[in-house]
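Q: Please take a close look at the pairing of strands in this structure. I should like one connected account, going down to individual bridge partners, and then a short description of the helices for context.

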Amino acid sequence: MSPYRVAVVGSGPAGVYATEALVRGGADVSVDIYDRLPTPYGLVRYGVAPDHPRIKSIVVALQKVLERERVRFLGDVDVGIDLTTAELRGLYDAVVFATGASVGRRLSIPGEDLAGVCSATDVVAWYSGHPDRAQAGEGFPLTAESVVVVGAGNVALDVARLLVKPARDLAGTDMPPHVLERLARSGVRDVHLVCRRGPEHAKFTAKELRELLELDDVATEIDLDPLPADSQDPQTAANLRAFADLAARQVVPARRTLHFHFWSRPVELLGAGGALAAVRLEKTREAGGAVVPTGEVTELKAGMVVTSVGHHSTRVGTLPFDEDLGRVPHDAGRVLGPDGRAVDGHYVAGWLKRGPSGVVGTNRACAAETVVGVLADLASRSPRGAGPEEVDRVLAARGIRPVTYDGWLSIDSAELNRGRALGRVRTKIPDWETLRHLGATGAGRPGRRTV
């Protein structure tokens, strides 16, 4: 058994990349990866649009890490609740926290608490089959004819596209059946994508914009004429060409329409009887590099608003946390306490470390930076971490029986079998009870009991 024992909390890309760097960088290091969910891979599993299977192929690389000899997966363990952060640190020589940023930021405008207002984080989790959001769709008013999506990034575009895309075109994805059924019954006819800056500033990718050109019965309207001229930046230039093609495209008749509203920001959500009825928009302009209001206000009828203006992390147990920045204070991944000094044996990686920025691959370099510090600190001390048997004993004493990697493979196999039965590659299992049952079956153990 390797003498140094490290816990990694979070099995998304940041956590798995940290694990990979740890076992590659230290022949005497073994890693236990903890996750609150019974399933690994984080936002790759629960944050990538279901109609983007190529992006999800990164799971193949992540899976190889979980299958390494000195790596264990311990799913369905909620660090901070099942085990305190102090208790976890006591069992290991070091702990790397990589729990991501799972909460959507608010607009902080009047009316945001009206029925019919939701975050893109919740919508994405619902259509991705996240067990926390299995029934969230019942609260989404998809009977509304008009929906407003606020944001200028790929998540906002994903949500808008999936709301206008015919359900039949999603039938081959891994969406849970109840999600497909809700989308098939959707009454949405118009989706308005509201961006506070112009198209030259949008964070969409040209590839995702051009996917809209492939939707046969979906029209696109852009409220900016003329569009900005070409840009020296290749990505911006590609986006502007895609916008020009979308603006020139004619779809008659169109079953649904996606409207782009640039240089606009929501300033108030208006309700009737406690439910959303309209969005008050104010035109904006650029001044000195900043976005400033113009005072020109219009109203847009809407029965649903989806906000996609960023994410922030949540506190993990007693780990130091900057509420304003929404991340853990650190120095190159070493967690810093209130006194500005490194907290012994505590590290962060991914969005919990740097905030919600970058793409999936950004987490590799981020994790590598953190692991340099972990390995340097381990080299300066003698190992004292508990062995896997002691960790299992502590968990079992609390009635916690983690879903192991074998348990995950049982869940994985069941999803693949359900998918094949429906003529699909995979069908996500979205409920906690079934996931836990399959996870326990795969490990040959009784299911987790609540204490």
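A: Two strands are taken to pair if DSSP finds at least two bridges between them. The model is predicted, and the account below should be read as a description of that model.

Strand E18, residues 342–348, is a suitable place to begin. Strand E4, residues 94–97, runs parallel to E18 and is joined to it by three bridges. Within this pairing, Val-95 has His-346 of E18 as its bridge partner. E18 is also joined to strand E17, residues 334–336, by two bridges, and here the two strands run antiparallel. Leu-336 is bridged to Ala-342 of E18. E17 and E18 together form a hairpin, with five residues between the two strands. In the turn of this hairpin, Gly-340 has a positive phi of about 85 degrees. E18 thus takes part in a parallel pairing with E4 and in an antiparallel pairing with E17.

As general background, strands of a sheet pair through backbone hydrogen bonds, in either the parallel or the antiparallel sense.

A further set of strands forms an open sheet: there are three of them, in the order E11-E12-E13, with antiparallel pairing. Strand E11 (264–272) and strand E13 (290–301) each have a single partner strand and stand at the edges, so one side of each lacks a neighbour in the sheet. On average, and with direction ignored, neighbouring strands of this sheet are turned by 25 degrees against each other. Eight bridges make up the antiparallel pairing between E11 and strand E12, which spans residues 275–287. Arg-265, for instance, has Glu-282 in E12 as its bridge partner.

Turning to the helices, the axes of helix H1 (residues 13–25) and helix H4 (residues 59–66) come within 9 Å and cross at roughly 45 degrees. H1 is therefore oblique to H4. Their crossing is left-handed. H1 contributes Pro-13, Val-16, Tyr-17, Thr-19 and Glu-20 to the contact, while H4 contributes Leu-62, Val-65 and Leu-66. Sorted by class, the residues of this contact are six nonpolar, one polar and one charged.

Helix H7, residues 154–164, is mostly covered, with nine of its eleven residues buried. The buried residues of H7 include Leu-157, Val-159, Leu-162, Leu-163 and Val-164. Asp-158 and Arg-161 are also among the buried residues of this helix.

Technical notes. Residues are numbered from 1 along each chain as its sequence is written. This is a predicted model: local features need pLDDT of at least 70, side-chain atom pairs count only at pLDDT 80 or more; totals for chains, interfaces and linings use all residues. Side-chain values use heavy atoms; hydrogens and water are left out. Helices (H or I, at least four residues) and strands (E, at least two) are DSSP runs, numbered from the N terminus. Axes are lines fitted to C-alpha atoms, for helices over the stretch in contact, and angles run from 0 to 180 degrees between N-to-C directions. Angles under 35 degrees count as roughly parallel, over 145 as roughly antiparallel, 65 to 115 as roughly perpendicular and the rest as oblique. A crossing is left-handed if the near helix is turned anticlockwise from the far one by less than a right angle, and right-handed if clockwise. Contact means heavy atoms within 4.5 Å. Ala, Val, Leu, Ile, Met, Phe, Trp, Tyr, Cys and Pro count as nonpolar, Asp, Glu, Lys and Arg as charged, and the others, Gly among them, as polar. Buried means under 20% relative accessible area, exposed over 50%, partly exposed in between (1.4 Å probe, protein chains only).
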